[in-house]
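Q: I am new to this structure. Please take a close look at one part for me: the place where the two domains touch.

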Amino acid sequence: MYNETAQNIRINLKADCSSCFGLCCTALNIVASSDFAIDKPAGTPCSNLQKDFRCKIHTDLRNKGFKGCTVFDCLGAGQKVSQGTFKGKSWQEHPEIADKMFHVFPIMEQLYEMIAFTAEALSYNLSHSLQNRLNKQLENLQDLTDMDADGLLALDIIHCRLPVNELLLETSEYIRNELSSKVFMIKKRKQYRGIDWVGKNLKGKDLRTADLRGAYLIAADLRNSDLRGVDFIGADLRDANLNGADLSTSMFLTQMQINSAKGNDKTKLPLHIQRPFHWTS
Ligand code: SF4
């Protein structure tokens with residue numbers, strides 16, 4: 001399974017809040033900051049969460065100091081836990097399952113993130129060996145999401161991550177090599193892994209096929225930069241200015257990274273990323 005099928009899996013990994021019991025608004029521990037106006041301990045419903053699991057300030061989150069809620073994306077882990085693992089039983093009606101449900105949610109979230117990256121990797125044209133190993137890993141991760149709550153709670157998530165990370169690294173090297181040598185004709189790929197470019201002026205910079213894994217790009221000026229083929233896994237893009245930037249073939253970019261950045265209608269995004277509603281035109 002690769003290319004179109006994998007791409008569809010990646011594109012369809014989306015939160016459906018109407019099928020979720022408000023898990024991101026309840027399960028997670030959130031410390032008050034410029035992104036979230038109040039302290040909210042793990043397992044305690046946010047004071048803005050209504051009985052029907054809807055947010056009472058949904059349309060005004062940014063103005064009310066809850067910018068972080070417009071950034072968060074569970075990729076569908078919330079509805080999987082609510083409707084799959086707990087078969088439609090809510091923590092409100094069944095308080096005896098609440099604690100377990102709140103602990104399962106962050107585990108499912110991590111599995112979904114790994115599935116998203118693995119499916120994206122499979123959407124590229126890779127060697128057969130790499131495709132086969134990614135396929136096995138994707139099936140394994142999908143199977144894990146079908147385990148019951150006790151099975152999920154017993155999972156060693158770090159142990160799950162290691163082989164996935166290795167495969168994603170291999171995929172990134174392979175694809176960026178191919179793009180550099182066969183598409184962009186770039187002689188030397190740039191390695192900026194983990195670089196601190198907080199607030200840096202990178203306007204109009206050609207960063208094609210660069211390794212920006214884990215880079216600190218907070219508030220960086222990336223306007224009109226060429227970011228095609230860049231590996232963004234784990235990069236911090238909060239408040240980075242992406243107006244007019246080309247990320248159309250950036251790798252391992254997440255909706256959360258894009259939601260946390262600034263951009264406009266000229267910013268080019270990969271297929272699986274939606275343009276945030278708060279971006280200016
Ligand atoms: S402010 Fe709204 S979206 Fe954010 S955690 Fe609270 S209920 Fe959820």
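A: Here is a walk through that contact, from the domains to the residues that build it.

Start with a caution: this is a predicted model. Its chain is divided into two domains. Domain 1 is made of two pieces, 4-24 and 72-175. Domain 2 covers 190-281. Taken over C-alpha atoms, the centres of domain 1 and domain 2 are 24 Å apart.

Now the contact itself. On one side, domain 1 brings 15 residues. On the other, domain 2 meets them with 14 residues. The size of an interface is often given as the accessible area that is lost when the parts come together. Between domain 1 and domain 2, about 1400 Å² is buried. Carbon and sulfur atoms give 64% of that area.

Which elements supply the domain 1 side? Helices α1 (4-11), α4 (98-122) and α7 (157-184) each give two or more residues to the side that touches domain 2. The largest share comes from α7, with five residues. By type, the domain 1 side divides into eight nonpolar, three polar and four charged residues.

Next, the polar links. Two residue pairs are in polar contact between domain 1 and domain 2, both at pLDDT 80 or more. How many salt bridges run between domain 1 and domain 2? The count is zero.

The structure as a whole does hold salt bridges, 19 of them. Side chains of opposite charge can pair when their charged atoms come close. One such pair is E113 with R161, whose side chains meet at 3.0 Å, N to O. E113 sits in helix α4 and R161 in helix α7. This pair links distant parts of the chain, 48 residues apart. Both helices have appeared before: α4 and α7 are among the elements on the domain 1 side that touches domain 2.

A last stop is the ligand. C25, F36, C46, N48, L49, C55, L61, F66 and C69 surround the ligand. This shell has eight nonpolar residues, one polar residue and no charged residue.

To recap the contact: about 1400 Å² is buried between domain 1 and domain 2, two residue pairs are in polar contact, and α7 gives the largest share of the domain 1 side.

Terms used: Residues are numbered from 1 along each chain as its sequence is written. This is a predicted model: local features need pLDDT of at least 70, side-chain atom pairs count only at pLDDT 80 or more; totals for chains, interfaces and linings use all residues. Side-chain values use heavy atoms; hydrogens and water are left out. A residue is near a molecule or strand if one of its heavy atoms lies within 4 Å of it. Ala, Val, Leu, Ile, Met, Phe, Trp, Tyr, Cys and Pro count as nonpolar, Asp, Glu, Lys and Arg as charged, and the others, Gly among them, as polar. Domain bounds come from an automatic or database domain assignment. Contact means heavy atoms within 4.5 Å. Buried area is the accessible area (1.4 Å probe) that two parts lose on being put together, summed over both. A salt bridge is a side-chain nitrogen of Lys or Arg within 4 Å of a carboxyl oxygen of Asp or Glu. A polar contact is a pair of N or O atoms within 3.5 Å; within protein, one must be able to donate a hydrogen and the other to accept it, and residues adjacent in sequence count only if both atoms are side-chain atoms. Helices (H or I, at least four residues) and strands (E, at least two) are DSSP runs, numbered from the N terminus.
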